[in-house]
Structures are given as structure tokens and as C-alpha cells.
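Biologist: Please take a close look at a single part of this model and describe it in one connected account.

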Amino acid sequence: MTTVQTQCKRCGICCTKGGPALHKNDLPLVTRGVLPIKRLITIRRGELVFKPDDDVPQPAECELIKISGTGKEWQCFYYNEDNEGCMIYQDRPQSCNELKCWNTDAVEQIIEKDTLSRFAIIAEDDPIYSVVKEHEICCPCPDMKEIRNAVQQQEDFDLAILEKLINDDISIRTATVQKMKISLAEELFYFGRPVFQLLQQIGLKVAESEGKLKLRRPM
């Protein structure tokens, strides 16, 4: 006789695969300090992300604020391996509340819908608000899918434009860290991951020369 699963088995797989993206309903968790910004990371619109039923990362259609991982892993920061449980279970985000591994219909309905953005979290009178706005205008996430395809198919594209982008990105980050004394964890919330790291993930090589980052195609 086949047993039909109807409740969580506390296997932890959903937590080890990555922290959830936050939705507008989750804003009180941030404002109350349950989810401080140092525990959040921004995935900017256009970054490559894994989506349900797709083995190849695709561009995020909107900005996503996710709970950060532990170390270099995407495992949710609030997952407690010792007891295979959530450290903020009573205040878990909407995605976690909706997720049922035996029936993912509910959580799939909210993917990339009514998501929380940085500009709903950062107060407009906070000095860093205008810096983040400027960064988003000056250093938008490039078309990662187009670049990935060009790299994979060994097509020609303008590295000079991308080199300017990654150096402008680093310049704004460095100046903000020095002036506003923000931590690395906070930087990943305010600005997302450095663009050069996103490009490395799709095969471009990055090196530093004379104080500037340089790109080259894979051999």
C-alpha cells in the first residue's frame, strides 16, 4: 500500500537548496529585525537563477531579495543542521509557509510575484538610498543569458563595455563601503553580487592589471 505524504518530514532539503525569496507580505519581518539586512542578499533583475522544472539557469524577471546562505553555500542561514529545523520557524517567510514538497502548486503560484525589493526596505531619507539608485542606473545587470550564449557558442562580443561596467561597479561599492562603513554582508544586500562574479560564473576570466579588472574569453 502506497503512503501519500501529507506533512513535512523535516528532511531539510528545501532549506539546504537555498534561502527563500521574500515577498511584500514579508516586509514586517525585515522592519521588526527578524530578518536584518546583513542576512539578506539581492538578486538583481536579469541575473541567472534556477527556476522550477528548468535545469539551466534563466534570467530573474524581477529583483529578488533572498535570505543569504551560509559560507559559500546557498543553504539558508536560518537552517539548523543539528535538529534539522528552522531557527525562525514561527516567523518564517511566505515562501516557506506556502512550500509543501509533496505539492508545490501553492509556492509555484507566487514565484516572482509581489516580491520585495530593496527600495521597499531602504528608507528614502537614508543616505545610501540615492547611492543604490545611482548604482542601479550606472551599473545595471547586463543580459547574462545573451552573454552566456555568446560565450558558449564562441561568438564575438564587446569586452570593453563589460570591463567598464565591472570597474564602475567595483568603484561605487568601494567608495560606499569606505564612506558609510558597511559590511560585506550589507554590501550584498545593497548592491547584489559584483558583476564580475556573475560573469565568471558563465565562463569569462577575470584578472587585475594596473588596478583595473580585465576580462578575457575562455580558451
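**A strand pair and the loop after it**

Modeller: Strand 1 (residues 40-43) is covered on both faces, with Leu-40 and Thr-42 buried on one side and Ile-41 and Ile-43 buried on the other. Buried means under 20% relative accessible area, exposed over 50%, and partly exposed in between, with a 1.4 Å probe and protein chains only. Strands (E, at least two residues) and helices (H or I, at least four) are DSSP runs numbered from the N terminus. The model is predicted, so local features need pLDDT of at least 70 and side-chain atom pairs count only at pLDDT 80 or more, while totals for chains, interfaces and linings use all residues. Residues are numbered from 1 along each chain as its sequence is written, and side-chain values use heavy atoms, leaving out hydrogens and water.

Strand 1 pairs with strand 4 in the antiparallel sense over four bridges; pairing requires that DSSP finds at least two bridges between two strands. Within this pairing, Ile-41 has Lys-66 as its bridge partner, and Ile-43 stands opposite Leu-64. In strand 4 (residues 64-67), Leu-64 and Lys-66 point one way and Ile-65 and Ile-67 the other, and all are buried.

Ser-68 lies in the loop between strand 4 and strand 5 (79-80). Ser-68 is buried, because its relative accessible area is 14%. Beyond its neighbours within four places in sequence, Ser-68 is in contact (heavy atoms within 4.5 Å) with Lys-38, Arg-39, Leu-40, Ile-41, Gln-75, Cys-76 and Phe-77. Gly-18 is 50 residues from Ser-68 in sequence, yet their C-alpha atoms are 7.9 Å apart in space.
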